[in-house]
Amino acid sequence: MATATPLIQVEHISKVYRMGDVEVHALRDVSLSLAEGESVAVMGPSGSGKSTLMNILGCLDRPSAGRYLLAGEEVSQLDRNALAKLRNRTLGFVFQSFNLLARTSALENVELPLLYAGLSARERHTRARKALERVGLGERMHHHPNQMSGGQQQRVAVARALVTQPRLIVADEPTGNLDSRTSVEIMALFQELSRAGITLLLVTHEPDIARYTSRVVVMRDGRVQTDRRQPPLVADVGAAAAEAAEMASP
Amino acid sequence: MNPLQVFRVAIRALLRNKMRSFLTTLGVIIGVSAVIAMVAIGEGAKARVAEAFASMGSNILIVLSGSTTSGGARGGFGSMPTLTWDDLKAIRSDASAVRYATPQLRANASVISEDQNWGTGVNGISPDYFLIRDWPVSSGTTINPSDVEGGAKVVLLGQTVVDKLYGSSADPVGQTVRIKMVPFQVIGVLARKGQSAMGQDYDDGVFIPYTTFSAKIQGGLQKFIAGSIMVGATSSDDTARAEKQITNLLRERHHIAIGGDDDFSIRNLTEMASAQQEGVNTLTTLLASIAAVSLLVGGIGIMNIMLVSVTERTREIGIRMAVGARPRDVMAQFLVEALTLSFFGGLIGVALGLFAANRLASNFGWPILIRPDIIGIAVGFSGLVGVVFGLYPAQKAARLDPIDALRFE
């Protein structure tokens, strides 16, 4: 499954936070390698270091020690500006709480990364429109977040993540605020992106959600406890809808 | 991001919170409009003072004769005639900085028309007088040199005298008035000049040739001038030079030894005018300084709100950073927001200030004087206020850690 150069390669990274006099070891000697197009669920109880790992892999944070190669490039010691550029060009983020700009239309939200990429207004517009159509929100481009359901908001967030044509999408509990049926819809969307070759890193504590990925990494006490591959369950929106309908009927 | 995009993002962010943006910028609006209005008022006052002096006549020097001393009581300037008619001729011909010179003889007398009378100042002057004081007639003709030479019994009436004798709408040209029982023909009415800064009514007076005055009002034309000499310098910058020339000339003519006291005195009205201007300038500066302080307070208001805004929008900053905003993009956004607030506040302030200045000017009956440089300075300064007070909040925003910012509730 692994290709010649993995998209993500971390070697012996650790992260130490200093809280007063106490040193907190959030990550201890983690090594991990993600191939292009893989979908990986990172699981583990809170405090296991999965969020820290996600922040580092998402270039929001730097490891205290160890090497991190993203697309073959050493990024662990880059400065804030270089990391910002990397997040803009190579990465897309999806968050549990959607993190859309309030009082801003879906289209403008999706255009945001392109703004920082320095694209012209016309090109931003065209690409944002396409991204929204791709997540099935072509009709709601001018809606504001407060006029949309949670699922729709998360779709906008996914559109925002993929509008820059990233190689990696990092999703932090993307279904945490959604009901099970909508969760399946979002996972179906992710699987579609995965098939299109985008690597997916998903942090979740829900085993149901992890089933839709091709690989599950379980963290514990800052270390990788288990790392196994699995045939992903195909997210079937129709089945999920039927199941929801069945549960809803008396 | 290019500057235009930064500006668009800032505008959009500000419009998302219209009420707050307006209230934030209100401090700057008030500050700038106060500066504009205060300076306009000051300038108006200055122009008003200048106007008052201009109506007195520009470039004027008044030469007064010396004082009498009898039994230790000194009578003050003009109490003893020391200026001669030849002095007047010499001043007119020999002092290069002097353009006009006229004797000014004055007496109070009753001016009697057919059915009214009015006690007023009767002035004996030469035609130069009206040139010095820049005072035309509103009807009829002015006194000309041949009237002076011939000692013609002609009179120019001030508008107040016309009002008292004939009523305000009447044109008395061609009528006859009697002054000290001597009939004079009214040849013209002087244009209304209004009041002096001290409340003296310029229009309450009549003017006759000085030769006629000497012959009919005050008795024969003697060697000495029983009054003063009014001098018009070639320009207002030349008044000091004219004063010096006249002093030297008269000292020489009066044979005053070096170190001896002048037996005459020269009053320089231009100096008085500039002293008064100085006072108004000080007042203007004071008013503008107070207004500038309010502009500063407005700037602090912007900083305050921008700081609150940074805290409140921490999550937004986190989102922007997550999708690729560099620290300096965030910094630029907040800086441009502050700048936009203060700059537009400045523009609105200018409009409001001009409006207020107009209203105040029309209330006080002052001329409206808008100084474009002050508008430029006020808007520029308000922009500077935006940068200075926006810098700290913008830096604070740019230094946020994206992870903390995203987690911020």
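**Entry 1. Chain A, overall**

I looked up the secondary structure of chain A and found eight helices and 10 strands; helices (H or I, at least four residues) and strands (E, at least two) are DSSP runs, numbered from the N terminus. I note that this is a predicted model, in which local features need pLDDT of at least 70 and side-chain atom pairs count only at pLDDT 80 or more, whereas totals for chains, interfaces and linings use all residues. Residues are numbered from 1 along each chain as its sequence is written, and chains are lettered from A and ligands numbered from 1 in the order in which they are written.

I then looked up burial: of the 250 residues of chain A, 46% count as buried. A residue is buried if 20 or more other C-beta atoms lie within 10 Å of its own, exposed if 12 or fewer, and partly exposed in between, with C-beta atoms placed from the backbone. For contacts (C-beta atoms, placed from the backbone, within 7 Å), I took those in chain A between residues at least 6 apart in sequence; 70% of them join residues at least 24 apart.

**Entry 2. The six-stranded sheet of chain A**

I traced an open sheet of six strands in chain A, with the order 6-7-8-3-9-10 and mixed pairing. Two strands pair if DSSP finds at least two bridges between them. Strand 6 and strand 10 (223-229) of chain A each have a single partner strand, so they stand at the edges and one side of each is left without a neighbour in the sheet. The twist averages 15° from one strand to the next; axes are lines fitted to C-alpha atoms, for helices over the stretch in contact, and angles run from 0 to 180 degrees between N-to-C directions.

At one edge, I found strand 6 (residues 91-94) paired with strand 7 (residues 168-172) of chain A in the parallel sense, over four bridges. Val94(A) stands opposite Ala171(A) of strand 7. From strand 6, Leu91(A) and Phe93(A) point one way, Gly92(A) and Val94(A) the other, and all are buried.

At the other edge, strand 9 (residues 215-220) and strand 10 of chain A run antiparallel and are joined by six bridges. Here Met219(A) has Val224(A) in strand 10 as its bridge partner.

**Entry 3. The four-stranded sheet of chain A**

I traced a further open sheet in chain A, of four strands in the order 2-1-4-5, with antiparallel pairing. Its edge strands are strand 2 (22-34) and strand 5 (73-74), each pairing on one side only. Strand 1 (residues 8-19) and strand 4 (residues 65-70) of chain A pair over five bridges in the antiparallel sense, and Gln9(A) stands opposite Leu69(A) of strand 4.

**Entry 4. Chain A against chain B**

I looked up the interface and found 20 residues of chain A in contact with 18 residues of chain B. On the chain A side, helix 2 (80-90) and helix 3 (106-117) are the elements that give two or more residues. Helix 2 of chain A gives the most, with six residues. The chain A side divides into nine nonpolar, five polar and six charged residues. Ala, Val, Leu, Ile, Met, Phe, Trp, Tyr, Cys and Pro count as nonpolar, Asp, Glu, Lys and Arg as charged, and the others, Gly among them, as polar.

**Entry 5. Helix packing in chain B**

I looked up helix 1 (residues 3-15) and helix 11 (residues 327-364) of chain B, which pack at an angle of about 65° with their axes 9 Å apart. That makes helix 1 of chain B roughly perpendicular to helix 11 of chain B, since angles of 65 to 115 degrees count as roughly perpendicular, under 35 as roughly parallel, over 145 as roughly antiparallel and the rest as oblique. The contact residues include Phe7(B) and Leu14(B) of helix 1, and Val336(B) and Glu337(B) of helix 11. By class, this contact has 10 nonpolar, two polar and one charged residues.

**Entry 6. Strand 8 and Leu83 of chain B**

In strand 8 (residues 176-179) of chain B, I found that Val177(B) and Ile179(B) point to one face and are buried, while Thr176(B) and Arg178(B) point to the other and are not. Strand 8 pairs with strand 9 (residues 182-190) of chain B in the antiparallel sense over four bridges. The two strands form a hairpin with two residues between them, and Lys180(B) in the turn has a positive phi of about 50°. Ile179(B) has Val182(B) of strand 9 as its bridge partner and stands opposite Val111(B).

I closed with Leu83(B), in the loop between strand 3 (73-74) and helix 3 (85-94) of chain B. Leu83(B) counts as buried because it has 26 C-beta neighbours inside 10 Å. Phe224(B) is 141 residues from Leu83(B) in sequence, but 5.6 Å away in space, C-alpha to C-alpha.

Conventions:
Two residues are in contact if their C-beta atoms, placed from the backbone, lie within 7 Å.
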